[in-house]
Amino acid sequence: MSARVKFSLALVGLAGFASGQEPPVFRSEVESAYVDAFVSNGEGPVHGLRATDFELTDNAVEQTIELVSAETRPVRAVLVFDTSSSLAGKKLEALRASAEAFLDGLRSADEAGLLAFSEEIAWLAEPTTDRTIVRNALTRLHAEGGTAAFDALYAALALSETGSRSLVVLFTDGEDNMSILGERQLRAVAERSDALVHVVGLRETSRPFTGGETNQTRAFREIAEASGGRFWTPESPQRLREAFSAIAASMNERYVLRYDPQGVKREGWHALSVRLRGASGRVQARRGYWVAP
Amino acid sequence: MALIPRARLLAIAAWSLLAPATSSGQVVSREYEELLRRYQRGQRSAAVWALGTWRESDLDLQIKALQRRAEAVARCPTCKDLLDDLPLKAAVMLHADRDEADRPPAAGTEQPRRCPAGQARRAGQIAAILAQRGGTLEFARRFFLAMAQRCQWDFCLEAALQWGRDGLAQFPRDPPLLMVVGASLEERATLENAPGDERRRRFQESEKFLSDAVAGDPTLLEAAVRLGHVQWRLGEDESARLTLEKAVAQDGTPPLLYLAHLFLGQVYERAGWPDQAIGEFSRALALDPQRQSAAVALSQAYFSTGDARSARRVLGEALAYAGRRSERDPHWDYVASNAAEAEDLLQDLREETGP
């Protein structure tokens, strides 16, 4: 979900926006809110829905919505890749191939970037529409070191742009052992971010997410689902590629709902509920957003 | 080294078992003794290699013989001390080095390494003898500490705890030994995916050892930093605050002070005191602006106050250091940083094995 902002000229001047600096994440005034929704049934995405097929409530108050063409709102995707030493070898090759498949699934106006992490977090390619830059960056992925997945996801969320359809795809194959941040802080940041989060956790028999769902797996799954995304658990390199392709494809099959919040307090947490009326299907959408005072 | 004929060994074993424990009745083979002396003379590699040709059961007989001699000496303080003739420090390090040689290096950062086994156990048995003797007490204490640290560094946490506890059995209030046990328990609780109750129990146990270490040596900053962090992990925020506020006021190395500020910042952050948290994270970062963990924590603290501009600036600066940091962030190695000196400590002990 993203919320566009009206700035007063004075505020723009104070914030240094005119001099090329980025605007603050938290909006001074919400004009319209955008919610990305993915609708599926047992057979795949559901197409052809109209605005009247959706029911959206903001803090339990039903809102009047319209559908916006997804084509008019390019995606800004950040791939956040675990490059810890456990990725060495075939897994890293599979990850590169999966990223290529993901890039192939984006539209030309969409941006993509690559943020790699072991214990250290590094931009290998900042978001750009130039696919060559990202493909070259993929060749520089190198498996070494520990895993700071929470910190890396924080970085991707904190640096995600407002006003575009931000997509963060985190890939990790193991347990975090280096982050300074934990689940609590990450949840708070995810709630305050506009980004749609998908987490891909490679599962394999020799080094699985052990003993069912770990705390980390649960945290990532819940954060992804709360943003309207998913936690994916491919069990083989082939499935990994399919997961990344599906994530890219789903961005073109999502419904972008727009509304001007009515009857709700502007500041604070906005709990969202998106359902279908008169149509069948499962809706995945952000569960809320935050407007700072 | 020539292998001892099996028949002779059986005879030795049988005799050892039957013989009365007099000071003259303890048999350490000439071959074994010569091996120890080679190590003592500085021919360490050759001695370590030669030890590898011995059968496990033969070596256990030698250790048993040493233990019997020690028992005899203990029973008769006025008798000639037969252990004085043996280079026991060399024996400890010889077995420890053989153990290390038997373990291939880890394949990578997150890859497991085979844990110390039989040769290390024998080194520990000889160290336990040294721990009973006035002149070698300190050597034995440092050996138990070094082995506990080596095991912790290699993520052999069960073994680390065992070495630490064996050391504490000989030196019950020793702060560094208390700390290595506390730190190993903390590492286990942090990294192993145990159920919530089990994890909490490990943190509580860790807290107890670390608390005893701090009580035993209030200047041991690393123990205090760990204690504060464990208290925070346990949700004992007030205790954590008090412990870490004291820690940041102590003298210490920049990496330890960095961790103290970082962890105190976490306490403030969770308590809902963002300004104090920002202050501590900033102090941590001021110790070395290249540190990523402090930058990420500071960025998140700014973000939580709605100051996204500062959050992004700090984060952007941290990411710009990627690949060109002059030192690793101490937080990355925190779980086992107390054990980083293990090999240096063992090298010091090796140097003390000479005649």
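**Exercise 1. Describe the interface between chain B and chain A by its buried area, its residues and its polar pairs.**

Solution. Start with the area: in this predicted model, chain B and chain A bury about 3100 Å² between them, and carbon and sulfur atoms give 55% of that area.

Next, take the residues. Chain A brings 39 residues to the contact, and chain B brings 31 residues.

Then look at the polar pairs. Between chain B and chain A there are 12 residue pairs in polar contact, with both residues at pLDDT 80 or more. The interface also holds 3 salt bridges. One of them can be checked by distance: the closest N and O atoms of B:Arg328 and A:Glu119 are 2.7 Å apart, and the cut-off for a salt bridge is 4 Å, so this pair qualifies.

**Exercise 2. Find which elements of chain B give two or more residues to the side that touches chain A, and sort that side by class.**

Solution. The elements are helix 13 (254–271), helix 15 (292–304) and helix 16 (308–320) of chain B. Of the side that touches chain A, helix 15 of chain B supplies the largest share, 7 residues. Sorted by class, this side of chain B has 7 charged, 12 polar and 12 nonpolar residues.

**Exercise 3. State the domains of chain A and describe how they meet.**

Solution. First, set the bounds. The domain assignment divides chain A into domain 1 (3–25 + 74–252) and domain 2 (33–70 + 254–291). In the contact between them, domain 1 of chain A takes part with 21 residues and domain 2 of chain A with 15 residues.

Second, consider the area. The two domains of chain A bury about 1500 Å² between them, with 44% of it on carbon and sulfur atoms. On the domain 1 side, A:Arg165, A:Glu191 and A:Arg192 lose the most area to domain 2 of chain A, and together they account for 30% of what that side buries.

Third, count the pairs. Domain 1 and domain 2 of chain A share 8 residue pairs in polar contact (both at pLDDT 80 or more) and 2 salt bridges. A:Glu225 and A:Arg287 form a salt bridge with their closest N and O atoms 3.9 Å apart; the cut-off is 4 Å, so this pair also falls within it.

Last, list the elements. On the side of domain 1 of chain A that touches domain 2, two or more residues come from each of strand 1 (2–5), helix 5 (183–192), strand 11 (196–201), helix 6 (215–227) and helix 7 (237–252). The residues of that side are 8 charged, 7 polar and 6 nonpolar.

**Exercise 4. Work out the order and the pairing of the 6 strands in the open sheet of chain A.**

Solution. The order is 9-8-7-10-11-12, and the pairing is mixed. At the edges are strand 9 (121–128) and strand 12 (231–232) of chain A, each paired on one side only. Inside the order, strand 7 (residues 75–82) and strand 10 (residues 165–172) of chain A run parallel and are joined by 7 bridges. Within this pair, A:Arg76 has A:Ser166 in strand 10 as its bridge partner.

**Exercise 5. Do the same for the open sheet of 4 strands in chain A.**

Solution. Here the order is 5-4-14-16 and the pairing is antiparallel. The edge strands of chain A are strand 5 (61–62) and strand 16 (288–291). Strand 4 (residues 54–58) pairs with strand 5 of chain A over 2 bridges, in the antiparallel sense. Opposite A:Thr57 stands A:Glu62 of strand 5.

Notes: Residues numbered from 1 in each chain as written. Chains lettered and ligands numbered in written order. Predicted model: local features only at pLDDT ≥ 70, side-chain atom pairs only at ≥ 80, totals over all residues. Heavy atoms only, no water. Contact = heavy atoms within 4.5 Å. Buried area = accessible area lost by both parts, 1.4 Å probe. Salt bridge = Lys/Arg side-chain N within 4 Å of Asp/Glu carboxyl O. Polar contact = N/O pair within 3.5 Å; in protein donor to acceptor, adjacent residues only side chain to side chain. Nonpolar A, V, L, I, M, F, W, Y, C, P; charged D, E, K, R; others polar. Pairing = 2+ DSSP bridges. Domains from an automatic or database assignment.
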